[in-house]
Amino acid sequence: MSETLRNFANTYLMWNEGPLIWGSDVLILLTIIGIVGVLTYFKKWRWLWDEWLTTVDHKRIGIMYLIAALLMLFRGGVDAELLRTQLAIPGNHFLDAAHYDQIFTTHGTIMILFMAMPFIFALFNIVVPLQIGARDVAFPYLNAVSFWLFFFGALLFNISFVFGGSPDAGWVSYPPLSELGFDPGPGENYYLLGIQISGIGSIATGINFLATILKMRAPGMSLMRMPLFTWSVLGACIMIIFAFPALTVALALLLLDRVAGTHFFTMLHGGNPAMFVNLFWIWGHPEVYIVVLPAFGVFSEVVATFARKRIFGYASMVSSLILISVISYFVWVHHFFTMGAGPDVNTFFAIASMAVGIPTGVKVFNWLFTMWRGRIRLSLPMMWTLAFIPTFAIGGATGVMLAVAPADYQYHNSYFLIAHFHQTLIGGVVFGMLAGMYYWWPKMFGFKLDERLGRWAFWFFNIGFYICFMPQYALGLMGMQRRMYVYPADMGWNTLNLVSTIGAYLMGIGFLFIVAQVVYSIRHGERDLTGDPWDGRTLEWSLPSPAPHYNFAVIPVVTDRDMWWILKREGREEELMPRPEEVKDIHMPKNSGVPFLMGVCFFVGGFGVVFNWWWLAVAGLAGVLLSLLSRSFQHEEEYSLPAEKVIETEISLGRL
């Protein structure tokens with residue numbers, strides 16, 4: 001090997017990093033070869049382009065978000081297993097300090113921004129237009145742009161693991177640690193550019209679904225007749241629109257510090273790193289509610305369906321969603337009670353941090369009252385919902401403990417905090433997204449996921465969850481700090497860390513059962529021939545599974561909440577079935593390859609900035625501008641689907 005090639009391999013491909021990188025390189029190469037081989041062998045390239053890469057259909061975009069979220073759950077989960085393996089025993093050197101820093105940075109970033117966000121966006125896309133009686137989202141083209149910006153932002157972030165080096169300043173990336181003087185490698189640039197590109201897509205999604213919900217509801221569906229999942233999406237979108245710009249500004253200023261020589265956050269040149277901390281958490285704390293509110297919406301739908309009762313206290317559920325959305329902006333300072341802001345500031349944010357638990361408690365009691373004397377069916381969505389309640393109750397109680405400013409001086413940066421936010425984010429968001437995935441899977445794909453394998457996954461994951469995180473509360477109270485990569489044997493932490501690692505392995509086995517469940521069910525899963533396998537309550541269950549690409553042949557007229565449930569109880573289901581004379585030509589958005597190409601250009605430009613290869617950055621930016629320009633010359637953005645074709649499709653589905 002020539003000296004130049006060796007230097008390139010060691011600098012960019014990190015071949016001197018050891019077997020973890022070598023193994024990753026081999027697996028990535030084999031995966032790429034496998035995907036290309038399968039697409040070529042079955043001659044599916046054209047199908048991939050026509051049906052998926054250029055689609056603007058909200059249902060297909062939702063499925064792509066879901067696939068991406070599950071892949072990121074795997075990647076982030078592997079990072080977690082590596083961290084717990086390192087901490088299983090004292091004095092361990094499975095990972096060195098630098099590698100450990102990289103792993104916990106990528107784990108947190110991926111799980112929050114590249115797993116939780118696409119998971120909720122998947123359900124936004126799959127469910128909301130169907131629940132409100134719409135044929136698509138308000139801006140289908142923008143929806144595709146949002147997905148591809150997320151996808152290529154996530155791809156840019158993830159290739160850091162095998163090309164150039166991963167970020168290592170923590171998922172919060174506080175300066176001065178993340179400034180160029182302390183972190184000169186490309187890893188932090190990957191972090192800033194990957195999140196920035198993805199974040200633009202997230203803001204666009206928030207705008208899109210806010211407009212969709214406010215302007216595209218079926219006739220008769222007033223706000224107080226909307227399903228609670230749609231209400232939760234409305235609240236999340238409002239928070240996205242107001243919270244994500246703060247993150248965008250913070251990341252842009254830090255990137256300028258690193259690549260343009262500015263000093264927004266460098267103290268020796270008049271900057272203030274505390275401003276980054278404030279900007280980050282002005283986004284960061286509403287963010288945890290952005291991802292958990294849709295989970296609350298999922299639980300509301302699941303509880304009502306599987307208890308076979310109308311949700312208890314609908315108005316109070318709506319009010320609590322809105323209250324959470326508002327109060328979430330007044331709690332961010334509890335992340336730095338120890339910074340010396342003073343007793344008045346700490347008191348205000350301590351009270352706000354406790355107050356946000358009140359509307360959350362209202363929701364929990366309403367779910368319990370809905371289940372009271374209901375005919376509960378313990379299918380997988382309901383099992384994950386029931387598992388959520390005690391888990392989130394513990395997480396909420398420990399959150400109130402952390403909200404007490406004097407006590408937080410002891411808990412701060414300890415493993416008590418680690419246990420708390422995993423208790424809420426896994427117990428709330430992951431449990432909620434899995435419940436939603438199981439619940440709406442038949443609507444997406446036309447078959448149910450296997451219950452037997454799903455129950456194995458449920459029990460492994462839940463038992464592992466408690467074994468993993470409950471010991472961490474004790475470790476935190478015993479003084480173990482977060483971000484420690486090694487600890488001495490005489491601290492009394494050995495057994496609890498080993499138990500916690502065993503729990504993480506059990507959770508990993510649970511995830512593997514989910515993968516096996518999906519693979520098995522593709523071939524052997526129970527087919528949904530009715531469109532309503534759960535005896536659902538809302539409009540999406542009035543459609544076939546999967547729904548036709550135009551969703552509704554005739555837009556329904558809504559006269560009550562739980563419209564579909566009421567019609568079934570009264571034997572009037574045919575009112576939501578189309579009549580031939582009512583079917584008209586339908587205007588549908590055309591597919592476009594420009595959003596995909598725009599995402600590619602953002603990726604190229606971001607990659608150029610990461611390594612300061614300005615010629616590549618300029619080429620990528622030029623591609624983005626050309627993509628925007630090409631869109632302005634697209635005058636025929638829709639096509640007309642003839643009524644005859646719609647009738648033919650409805651007849652084939654048995655609806656006419």
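Q: What counts as a helix here, and how do names such as α15 get their numbers?
A: A helix is a DSSP run of H or I with at least four residues, and the numbering starts at the N terminus. Keep in mind that this is a predicted model. By that rule, α15 takes in residues 415-445.

Q: What comes right after α15, and what is the sign of its phi?
A: That's G446, and its phi is positive, near 85°.

Q: What makes α15 a bent helix, and where is the bend?
A: Axes fitted to the seven residues ending at a position and the seven starting there give the bend angle. For α15 it comes to about 40° at Y439, with a proline, P442, following within four residues.

Q: How do you know that α15 is largely enclosed by the rest of the structure?
A: A residue is called buried when its relative accessible area is under 20%. In α15, 29 of the 31 residues are buried, so the helix is largely enclosed.

Q: Why is α9 called oblique to α15?
A: Their axes come within 8 Å and cross at roughly 50°. Roughly parallel needs an angle under 35 degrees, and roughly perpendicular starts at 65. The crossing falls in neither range, so α9 is oblique to α15. The handedness is left-handed.

Q: Which residues do α9 and α15 bring to their contact?
A: From α9 they include V288, V291, V292, F299, E301 and F306. The α15 side includes L425, G428, F431, M433 and W440, and also Y439, the residue where α15 bends. By class, the contact has 16 nonpolar, 4 polar and 1 charged residues.

Q: Why are α5 and α6 described as roughly antiparallel?
A: Helix α5 (residues 97-131) and helix α6 (residues 140-158) pack at about 160°, and their axes are 11 Å apart. Anything over 145 degrees counts as roughly antiparallel, so that is what α5 is to α6. Their crossing is left-handed.

Q: What do α5 and α6 touch each other with?
A: On the α5 side, T106, T109, I110, L113, F114, P118 and N125 take part, and they meet N143, F150, G153, A154, F157 and N158 of α6. That splits into 7 nonpolar, 6 polar and no charged residues.

Q: What makes α13 and α16 roughly parallel?
A: The angle between helix α13 (residues 380-403) and helix α16 (residues 451-477) is about 10°, with the axes 11 Å apart. The cut-off for roughly parallel is under 35 degrees, and α13 and α16 therefore qualify. Among the contact residues are W384, P390 and T398 of α13, and R455, F458, W459 and Y473 of α16. This contact has 12 nonpolar, 5 polar and 2 charged residues.

Q: Why is W52 called buried?
A: Its relative accessible area is 18%, and buried means under 20%, so W52 makes the cut. W52 is in helix α3 (residues 45-53). Leaving out residues up to four places away in sequence, W52 touches W47, R60, I63, M64 and W148. W52 and N591 are 539 residues apart in sequence, yet their C-alpha atoms are 9.3 Å apart in space.

Q: Is L641 buried or exposed, and how do you know?
A: At a relative accessible area of 8%, L641 is under the 20% limit and so counts as buried. L641 lies in strand β2 (residues 638-641). Apart from residues up to four places away in sequence, L641 touches H549, Y550, D585, I586, M588 and V646.

Q: Why do R308 and R373 get different exposure labels?
A: Exposed takes over 50% relative accessible area, and partly exposed runs from there down to 20%. R308 has 23%, so it is partly exposed, whereas R373 has 74% and is exposed.

Q: What makes the phi of R308 and of R373 worth a look?
A: Most residues other than glycine have a negative phi. R308 has a positive phi of about 55° and is not a glycine; R373, also not a glycine, has phi near 60°. R308 sits in the loop between α9 and α10, and R373 in the loop between α12 and α13.

Q: Which peptide bonds into P176 and P546 are cis or trans, and what are their omega values?
A: The bond from P175 to P176 is cis, with omega near 5°. The one from S545 to P546 is cis too, with omega near -10°. Most peptide bonds are trans. P176 is in the loop between α6 and α7, and P546 is in the loop between α17 and α18.

Definitions and conventions
Residues numbered from 1 in each chain as written. Predicted model: local features only at pLDDT ≥ 70, side-chain atom pairs only at ≥ 80, totals over all residues. Heavy atoms only, no water. Axes fitted to C-alpha atoms, helices over the stretch in contact; angles between N-to-C directions. Helix = DSSP H or I, 4+ residues; strand = E, 2+ residues; numbered from the N terminus. Parallel < 35°, antiparallel > 145°, perpendicular 65-115°, else oblique. Left-handed = near helix turned anticlockwise from the far one by under 90°. Contact = heavy atoms within 4.5 Å. Nonpolar A, V, L, I, M, F, W, Y, C, P; charged D, E, K, R; others polar. Buried < 20%, exposed > 50% of the residue type's maximum accessible area, 1.4 Å probe, protein only.
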